[in-house]
Amino acid sequence: MSAASADTGFAAAWLRRRAERELLLGCLGCMALGFVLILGADAASGRQLGALDLLPLALYALALAGVHLSLVAAGFRGDQVLTATVAFLSGFGLLAQYRMGDFHNGPGALTLGLVPAGFLVMTVGALAFANGRYRVLARGLWVWAGLSLVLVVVLLLTGQRFRGAVYALGFTTPTEVLKVTIPLALAAYLERQGQALARWHPRLPLPPWRALWPLLAFFAVLIGLLALQRDLGMMLILGLAGLVVLASGTGRIGYLVYGLLAGAGLGALLLTVFEHGQRRLDAWLDPFQDPTGEGWQILQGLSGMYAGGLWGEGFGIGSPEYTPIAAADFIYSVIGEELGFLGCVVLVLFFLILLSRGIALAGPGRPLFGRLLAAGLTTVLAVQTLLNIGGVTKSIPLTGTTLPFISHGGASLLTAFAASGLLLAISDGAPGRPAKPPRGRAAGGPPADLKPRKVRRKAVPREPAAASDI
């Protein structure tokens with residue numbers, strides 16, 4: 001066997017992804033422990049348990065095995081920690097949804113296959129666009145932009161309004177796809193116009209309007225459509241992702257400053273126009289003003305987390321049924337109630353690991369499109385997480401945003417998996433070259449600083465031979 005085949009064969013890939021395998025087994029062990037705790041609590045409450053109660057855990061285990069074996073068989077060189085982090089968060093979400101009774105019976109049982117389907121989406125995305133093939137997505141600049149606008153228009157024309165927002169048939173939210181298509185469009189545009197957008201006025205702090213106006217026009221239309229949909233959370237997520245990609249692609253921090261000022265003004269205007277947003281702001285400022293109405297969800301969520309204390313009441317022992325829409329927007333309060341402050345800290349730590357891997361992918365060493373796409377996708381995940389946890393803990397007003405990988409939801413969950421698949425593809429590196437992983441020994445190969453280096457020998461002046469050697 002040649003050295004090249006030994007490096008790219010199945011056996012080598014199996015050894016190379018050992019860290020991922022060990023981490024995935026750790027995730028499976030944690031989820032199995034969680035299921036034991038919940039089933040134990042169910043049995044203690046008198047519920048009859050059956051073999052189907054272990055079906056979610058079995059599907060989760062099969063999904064992890066499928067992901068890992070697929071990546072090994074394809075010789076995937078990308079980030080191993082990122083895969084394991086997504087596995088932990090999605091497993092945690094599966095556990096939380098099972099705790100909320102989503103899979104027991106009725107139509108909710110159909111959502112049992114969402115997590116395995118998400119892993120399939122992530123794996124297919126990672127393998128399809130690995131080895132630098134993700135750069136072909138930059139050619140579809142106008143496809144991503146047009147698709148984003150069409151999705152919002154179709155939803156506005158055919159959807160139904162419920163609690164202020166607009167939903168499609170079956171209360172689905174197809175506009176969740178914008179969390180992937182908008183970063184793709186932004187990265188493709190910045191790859192083409194980045195240099196022009198970086199040329200600010202030589203003496204005044206003014207951006208180049210000629211290169212900027214197409215982007216401004218597109219965002220004006222998009223934000224206008226989202227305002228009609230009254231999706232304030234999506235506006236914040238996509239707006240901040242756009243500013244981060246713009247600033248990182250041009251190196252001009254002024255875009256962030258002007259964008260945040262414009263966003264603050266637009267937000268104040270929307271709050272005065274839409275009664276829906278104003279009610280949420282009032283409930284955030286003083287939930288006791290309407291404790292059984294607008295402030296009910298916030299107060300119940302805070303009450304649950306307060307009851308959890310430091311250690312929590314135990315998985316399956318809390319009372320999340322008293323919090324409205326606990327499985328979706330307020331799943332973080334359920335975790336706080338049953339696993340306590342420490343459970344919340346663990347969850348936040350895993351989100352920080354996920355985001356740190358994305359930030360590392362947005363650093364130097366990769367093609368510009370890959371870096372900008374990683375920055376956009378990571379910002380989307382970061383802002384979505386911040387909006388959800390901030391709203392539940394009453395740090396900021398509620399925006400109706402789901403917690404990635406954890407909250408109940410179909411389109412939101414699958415979109416988060418699709419974003420993870422693209423991040424994995426970017427981490428695989430360029431064609432024909434080993435991946436340049438983020439920091440960490442489990443990032444897809446041995447760290448560069450452990451590779452043998454060639455040491456240049458210094459020329460040492462030859463000393464004159466001793467008289468006895470001559």
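This section describes the helical packing, the nonpolar cores and selected loop residues of a predicted model.

The chain contains 16 helices and two strands. Of its 470 residues, 48% count as buried. Among contacts with a separation of 6 or more, 75% join residues that lie 24 or more positions apart.

The largest nonpolar core comprises 103 residues, and those with the most contacts inside it are Y60, F119, L222, L347 and F369. A second, separate core has five residues, including A241, V380, V383 and L387.

Several of the central residues of the largest core recur in the helix contacts described below. Y60 and F119 both take part in the contact between α4 and α6. The axes of helix α4 (residues 55-73) and α6 come within 9 Å and cross at roughly 5°. Angles under 35 degrees count as roughly parallel, and α4 and α6 are therefore roughly parallel to each other. On the α4 side the contact is formed by L59, Y60, A63, L64, V67, S70 and L71, which meet V115, P116, F119, M122, T123 and L127 of α6. By class, the residues of this contact divide into 11 nonpolar, two polar and no charged. Leaving aside neighbours within four places in sequence, F119 is in contact with Y60, A63, L64 and V67, and also with A87, S90 and F417.

F417 lies in helix α16 (residues 411-427). With a relative accessibility of 0%, F417 counts as buried. Beyond the residues up to four places away in sequence, F417 touches V86, S90, V115, G118, F119, M122 and F405. Of these partners, V115, F119 and M122 also belong to the α6 side of the contact with α4. F405 is 12 residues from F417 in sequence, and the C-alpha atoms of the two are 7.9 Å apart.

L347, another of the residues with the most contacts inside the largest core, belongs to the α14 side of a contact with α5. Helix α5 (residues 80-99) and helix α14 (residues 331-361) pack at an angle of about 160°, and their axes are 9 Å apart. The two helices are therefore roughly antiparallel to each other, and α5 passes α14 in a left-handed crossing. From α5, the residues V81, L82, T85, V86, F88, L89, F92, A96, Q97 and R99 take part. Their counterparts in α14 are I331, I335, E338, L339, V346, L347, F350, F351, I353, L354 and R357. The residues of this contact divide into 16 nonpolar, two polar and three charged.

Helix α14 also packs against helix α15 (residues 368-392), with axes that come within 10 Å and cross at roughly 165°. Accordingly, α14 and α15 are roughly antiparallel to each other, and their crossing is left-handed. The α14 side consists of Y332, S333, V348, F351, L354, L355, G358, I359 and L361, while α15 contributes R371, A374, T378, L381, A382, T385, N388, I389 and V392. This contact has 12 nonpolar, five polar and one charged residues. F351 and L354 of α14 appear in this contact and also in the contact with α5.

L222, likewise listed among the residues with the most contacts inside the largest core, is approached by a residue of helix α7, L149. L149 and L222 are 73 residues apart along the chain, yet their C-alpha atoms are separated by 6.4 Å. Apart from neighbours within four places in sequence, L149 is in contact with F218, V221, L222 and L225.

Three loop residues were also examined. T175 is located between β2 (165-167) and α8 (178-197). T175 is buried, with a relative accessible area of 1%, and, leaving aside neighbours within four places in sequence, is in contact with L151, V152, L155, Q229 and M234.

N131 and I325 are residues other than glycine with positive phi values, near 60° for N131 and near 50° for I325. N131 is found in the loop between α6 (114-128) and α7 (141-158) and is partly exposed, with a relative accessible area of 28%. I325 occupies the loop between α13 (296-308) and α14, and is partly exposed at a relative accessible area of 36%.

Notes. Residues are numbered from 1 along each chain as its sequence is written. This is a predicted model: local features need pLDDT of at least 70, side-chain atom pairs count only at pLDDT 80 or more; totals for chains, interfaces and linings use all residues. Side-chain values use heavy atoms; hydrogens and water are left out. A nonpolar core is a set of buried Ala, Val, Leu, Ile, Met, Phe, Trp, Tyr and Cys residues joined through side-chain atoms within 4.5 Å. Buried means under 20% relative accessible area, exposed over 50%, partly exposed in between (1.4 Å probe, protein chains only). Contact means heavy atoms within 4.5 Å. Axes are lines fitted to C-alpha atoms, for helices over the stretch in contact, and angles run from 0 to 180 degrees between N-to-C directions. Helices (H or I, at least four residues) and strands (E, at least two) are DSSP runs, numbered from the N terminus. Angles under 35 degrees count as roughly parallel, over 145 as roughly antiparallel, 65 to 115 as roughly perpendicular and the rest as oblique. A crossing is left-handed if the near helix is turned anticlockwise from the far one by less than a right angle, and right-handed if clockwise. Ala, Val, Leu, Ile, Met, Phe, Trp, Tyr, Cys and Pro count as nonpolar, Asp, Glu, Lys and Arg as charged, and the others, Gly among them, as polar.
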